[in-house]
Amino acid sequence: MSTTEMQALAEQKYKYGFTTEIEMEAFPRGLNEDIIRMISAKKEEPDWLLQWRLKAYAAWLEMEEPHWAKLHHPPIDYQDLYYYAAPAKAQPKSLDEVDPELLKTYEKLGIPLNERAALAGVAVDAVFDSVSVATTFRETLSKAGVIFCPISEAVREHPELVREYLGSVVPVRDNYFAALNSAVFSDGSFVYIPKGVRCPMELSTYFRINAKNTGQFERTLIIADEAASVSYLEGCTAPMRDENQLHAAVVELVAMDEAKIKYSTVQNWYPGDAEGKGGIYNFVTKRGACRGRNSKISWTQVETGSAITWKYPSCILQGDGSVGEFYSVALTNNYQQADTGTKMIHLGKNTTSTIISKGISAGHSNNTYRGLVKISAAASGARNFTQCDSLLIGDQCGAHTVPYIENRNMSAKVEHEATTSKIAEDQLFYCRSRGLSQEDAVGLIVNGFCKDVLKELPMEFAVEAQKLLSVSLEGSVG
Amino acid sequence: MTALPTKKLEAWRYTDLRPLASIEFSAPPPAAIPALPEIDLPRLVFLNGVLAKELSSPFAYARNFQAIAEDTAQPLALINAETAQDGVTLNIPAGVDAGTLLLISHASGDAPFAFHLRHRITLGEGAQLTLIEIAKGEGVYWHDPVTDIELAQGAKFAHIRLQDESREAFHLATIRARVAGAAVYDHFTATIGARLSRTEIGAVLTGTGALAHLNGVQLLAGTQHGDFTTVVAHKAPGCPSRQTVKSVLAGTARGVFQGRIEVDRVAQQTDGFQLSQALLLSPGAEMDIKPELEIFADDVKCSHGATIGALDAEQLFYLRSRGIPEDQARSMLIRAFLEEALEPVTQPQARAVLEEAIDGWWVKQ
C-alpha cells in the first residue's frame with residue numbers, strides 16, 4: 001500500500017464523533033466536600049451513603065495518583081473537572097418523554113432501544129452522561145425477580161442490598177481512582193439475580209460521555225445469588241472532543257454458590273486524533289468476587305478506544321472450585337496507550353483461571369499487558385493457564401508484557417505463555433492472492449488473531465467487535 | 001555508603017534485603033588457607049575478598065585491580081564501587097584464545113564481614129575465554145561482586161558460575177555485559193548456597209548478530225531465598241537471545257525469577273526466547289516469576305514461557321515401580337528437569353563440577 005493511501009486512511013474521522021446539543025445542568029467545577037454533599041442531595045440519598053462518599057473523599061485526599069503503569073499523560077487537574085452533569089430535564093417516565101435529540105444520538109449509535117430493542121432481545125439501561133434516562137424490559141425482568149435499574153434507584157428501593165454489597169469487592173481505599181469514584185459516583189447499573197434464577201435476557205448498558213469537561217464516574221454492582229446466572233453487556237462510544245476527559249468507573253461483581261456472571265465490554269471511546277490530541281482517559285477498576293462454591297466470573301473485553309486505558313478486570317476466587325476467566329483484545333493505534341490485564345487471586349481449593357490476552361499495537365501507540373496470578377498457600381489443586389500474544393503493526397509502536405506469577409502451593413499448576421510477532425508476509429500474500437485488498441487482508445488476519453477472545457462475546461457484540469477492529473486499524477497498514 | 005535497595009523499587013519487589021541490613025558487617029579478617037576444589041586449570045584465588053597470590057597461577061592476561069568510577073544508579077554496584085578493594089582485570093587481546101581460567105572465591109571468619117570484588121573482563125576482536133567461577137565459604141558474610149564484561153566483534157566468552165556459598169551468607173552478584181556484533185556471551189549460574197542471594201545480569205547486544213545466552217538453575221531448600229534477575233537489551237538488528245532458568249524449591253525456600261527482554265526500535269529481526277520453570281517440592285515453598293517483554297520493533301520474534309508445578313507423580317511412580325528408591329528417583333527427575341538449562345555448558349571440567357553439585361543436592365536435603 002502506498003504512503004498516500006495510508007495517509008488518507010489514517011486521516012479518516014472517528015465515525016461516532018458527533019455531539020448532541022442538549023442543555024446540561026452542571027455543578028461548579030472542582031471537587032470538595034460541598035460538591036459531594038450536593039451530588040448526594042441532588043440524588044436524594046440517605047445519610048449512610050453520603051457518609052460513605054465523604055469517607056471515600058477523605059481517603060482519596062490522602063492517596064497519590066498511581067504512576068507504575070506504562071502510561072504518559074499531562075497531569076490531571078482534578079479541580080478543573082465537573083463532577084456532576086445531567087440532562088437538564090426531569091427524568092422521563094416513558095420513551096415519549098425522552099429528549100428526541102437524545103434518541104437520535106442513540107439511533108446513530110445503533111442502540112436497540114425501542115422496537116430494535118425488542119428484536120435484539122436486549123434490555124437497555126442507557127446512561128447519558130450521569131443519569132439513567134431510559135430503561136426497558138423492566139417488566140419481563142421483574143417477573144423473573146431480577147432487579148435491573150440505575151444504582152441511584154436501587155439506593156432508594158433496595159437499600160439493604162446496596163448497603164450490603166457496595167464497596168464489598170472494591171473497598172473505598174482500594175486505589176486512587178476507586179476512591180475518587182466512591183466519593184463522586186454519579187450513576188450506573190444495579191443488578192440483582194435472586195437464588196436459582198437464570199436471567200431471561202442479556203442485560204445491556206450503553207455509556208456515553210457527552211458534557212464537555214465532565215468526568216464520568218459510573219458505578220456498577222451486580223450480584224448473582226446462589227445458582228443464579230446473568231450475562232451483562234457494556235458498550236460505549238463517545239463523541240469527538242478536543243479536551244481529555246477523565247473516566248473512572250468502578251464495577252463490582254459478586255457471585256454466590258454455583259452462580260455465574262458473564263461480563264462483556266466493547267469499549268470504543270474517542271481515542272484522540274492522529275496526533276494524539278484529545279481522547280478519553282479511562283481509569284477503571286473492575287473486580288469480581290467468586291464468593292461461593294463453584295461460582296464463575298468471566299470477563300470479556302474488546303478495548304479499541306480511549307487515549308489512555310488503565311484497566312485490570314480481576315477475579316477473587318474465594319469459593320472452592322470457583323472459576324475466573326479473562327478474555328481480552330486491546331487494540332491501540334495512533335498515540336493511544338493501553339495498560340491493561342487482569343489479576344487472578346486463587347484463595348479457594350481447586351480454583352481455576354484462564355487468561356487469554358491479545359494486544360495489537362499500530363501507529364505510535366503503546367500496548368501493555370500487565371497481570372498477576374497469585375496462588376495462595378491454601379489454594380490446593382489450583383490451576384491457571386495464561387496466554388498473552390502481541391501483534392505489532394508498524395515500527396513506531398510498542399508492545400509490552402508484564403506478568404507477575406506468585407505460587408505458594410506445590411499442588412497448584414501454573415502455565416504462562418507469551419509471544420510477540422508481526423503479521424507474516426506469507427499470510428498477507430495468501431489473502432492478497434485471493435483478491436482481498438491489503439486493508440481487508442489485515443482486518444481478516446487481525447480478526448483471526450483475536451478469535452479466541454471474540455468467540456467468547458455474545459453474538460451481537462461479536463459482530464460489532466469485528467467491525468470495530470477493522471475500523472480501528474484503518475490507516476495503520478502499510 | 002549508598003542505601004540498600006528496598007522492596008519499594010520494582011526491581012526488588014520480591015527480594016527483601018532487610019535481613020542483610022540488620023547485620024553489622026566488619027572488614028574481612030585475615031584468611032586461613034582452606035581446602036580448594038581440585039581442578040587442573042590455571043586459577044585465581046580470592047580469600048575473604050583478597051587475591052591470594054601464593055594460591056593463584058600466573059595468567060598472562062590478568063592485570064592488577066584498578067578502581068573505576070561507577071556511572072550507573074544501580075544501588076549494589078554503587079555500594080561495590082565505594083568499597084571495592086580487589087578484583088581481577090582480564091584483557092584478552094584480539095584473536096587470542098586464552099583457554100579456560102578458574103576463579104575461586106572462598107570466605108570464612110568468626111564475625112560477620114563483607115567484601116566487594118570488582119572484576120573487569122575485556123575480550124578483543126575474535127578473542128576467546130572460558131571462565132569458571134566458584135564461590136564457597138563458611139559463616140556469615142556478604143559477598144557483593146560486580147563483573148563488567150566487554151566483548152568486541154566476534155569474541156566468545158563462556159561464563160560459568162557455581163554459587164555454593166555458606167548457608168548463612170549473602171551473595172548479591174551484579175554482572176553487566178556489552179556484546180558487540182557476532183560476539184557471544186554464554187552465561188550459566190548455578191545457585192545452590194547462601195541464605196539470601198541474587199544474581200542480576202544485564203546483557204546489552206550492541207552489534208548485528210550478537211548472541212546472549214543467560215541460563216541458570218536454582219536449587220534452594222530450608223529457608224533460602226534465591227533471586228535470578230536478567231535484562232537482555234537488544235540494541236542492534238538480528239540478535240538472538242536465549243534464556244532458560246530452572247528452579248527447584250524445597251522446604252520453605254523462595255525462588256524468584258525476573259527476566260526482561262527489551263527490543264529497541266532499531267533491533268529488527270530480533271529473536272528473543274525465554275523459558276522459566278519451577279518445581280515446588282514441598283508445601284511451604286514459593287516461586288515468584290515476572291517475565292517481561294518490552295518491544296518497540298515490529299519485525300521480531302519474542303516469546304516467553306513460564307510454568308510452576310510439582311514433580312509429576314506418574315513419573316515418580318514409573319521409576320519406583322522399576323525398583324528405584326524414592327530419593328534416587330527424585331534426584332533423577334530433578335536432574336532431567338534441569339538438563340535443558342545445563343545443556344549449553346560444554347566445558348568438561350565445568351560440567352563435572354556442576355553435575356557433582358547438582359546431583360548431590362537432593363540427597364543432602
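This report walks through a predicted model of two protein chains, A and B.

**Chain A as a whole**

Let us begin with chain A, which has 478 residues, 62% of them buried. Its architecture includes 13 helices and 24 strands. How do the contacts of chain A spread along the sequence, if we count those between residues at least 6 apart? Of these contacts, 84% join residues at least 24 apart.

**Where the two chains meet**

Now look at the place where chain A and chain B touch. On the chain B side, 35 residues are in contact, and they meet 31 residues of chain A. Together the two chains bury about 2600 Å², and carbon and sulfur atoms account for 49% of that area.

Several kinds of interaction cross this interface. There are 16 residue pairs in polar contact, counting pairs with both residues at pLDDT 80 or more. Which elements of chain B give two or more residues to the side that touches chain A? They are β20 (286-295) and β21 (301-309). Of the elements on this side, β20(B) gives the most, with 10 residues. Sorted by character, the residues on the chain B side are 17 nonpolar, 7 polar and 11 charged.

The rule also finds 3 salt bridges between the chains. One pairing to find in the structure is A:Arg408 with B:Glu286, a salt bridge whose closest N and O atoms are 3.0 Å apart.

Strands meet across the interface too. Strand β24 of chain A, residues 413-422, runs antiparallel to β21(B), and 7 bridges join the two. To see this pairing for yourself, find A:Thr420, which stands opposite B:Cys302 in β21(B).

**A run of paired strands in chain B**

From the interface we can follow β20(B) to its partner β18(B). These two strands pair in the parallel sense over 10 bridges, with B:Phe257 standing opposite B:Ile289 in β20(B). Strand β18(B) covers residues 254-263 and is mostly covered, with 8 of its 10 residues buried. It also pairs with β16(B), residues 225-234, again in the parallel sense and over 10 bridges. Here B:His234 stands opposite B:Val263 in β18(B).

**A lysine inside chain A**

Back in chain A, find A:Lys286 in strand β13, residues 280-290. Is this lysine buried or exposed? A:Lys286 counts as buried because its relative accessible area is 3%, which is under the 20% cut-off. The side chain of A:Lys286 makes a polar contact of 3.2 Å with the side chain of A:Thr265. Beyond four places in sequence, the contacts of A:Lys286 include A:Glu234, A:Tyr263, A:Trp299 and A:Pro313.

**Two residues with positive phi**

Finally, two loop residues of chain A deserve a look. Neither A:Glu44 nor A:Ser306 is a glycine, yet each has a positive phi. The table sets out their values.

| Residue | Phi | Loop in chain A | Relative accessibility |
|---|---|---|---|
| A:Glu44 | about 50° | between α2 (33-42) and α3 (47-62) | 61%, exposed |
| A:Ser306 | about 70° | between β14 (296-303) and β15 (308-311) | 0%, buried |

Why does A:Glu44 count as exposed? Its relative accessibility is 61%, and exposed means over 50%. A:Ser306, in contrast, is buried, with a relative accessible area of 0%.

Technical notes:
Residues numbered from 1 in each chain as written. Chains lettered and ligands numbered in written order. Heavy atoms only, no water. Contact = heavy atoms within 4.5 Å. Buried area = accessible area lost by both parts, 1.4 Å probe. Salt bridge = Lys/Arg side-chain N within 4 Å of Asp/Glu carboxyl O. Polar contact = N/O pair within 3.5 Å; in protein donor to acceptor, adjacent residues only side chain to side chain. Helix = DSSP H or I, 4+ residues; strand = E, 2+ residues; numbered from the N terminus. Nonpolar A, V, L, I, M, F, W, Y, C, P; charged D, E, K, R; others polar. Pairing = 2+ DSSP bridges. Buried < 20%, exposed > 50% of the residue type's maximum accessible area, 1.4 Å probe, protein only.
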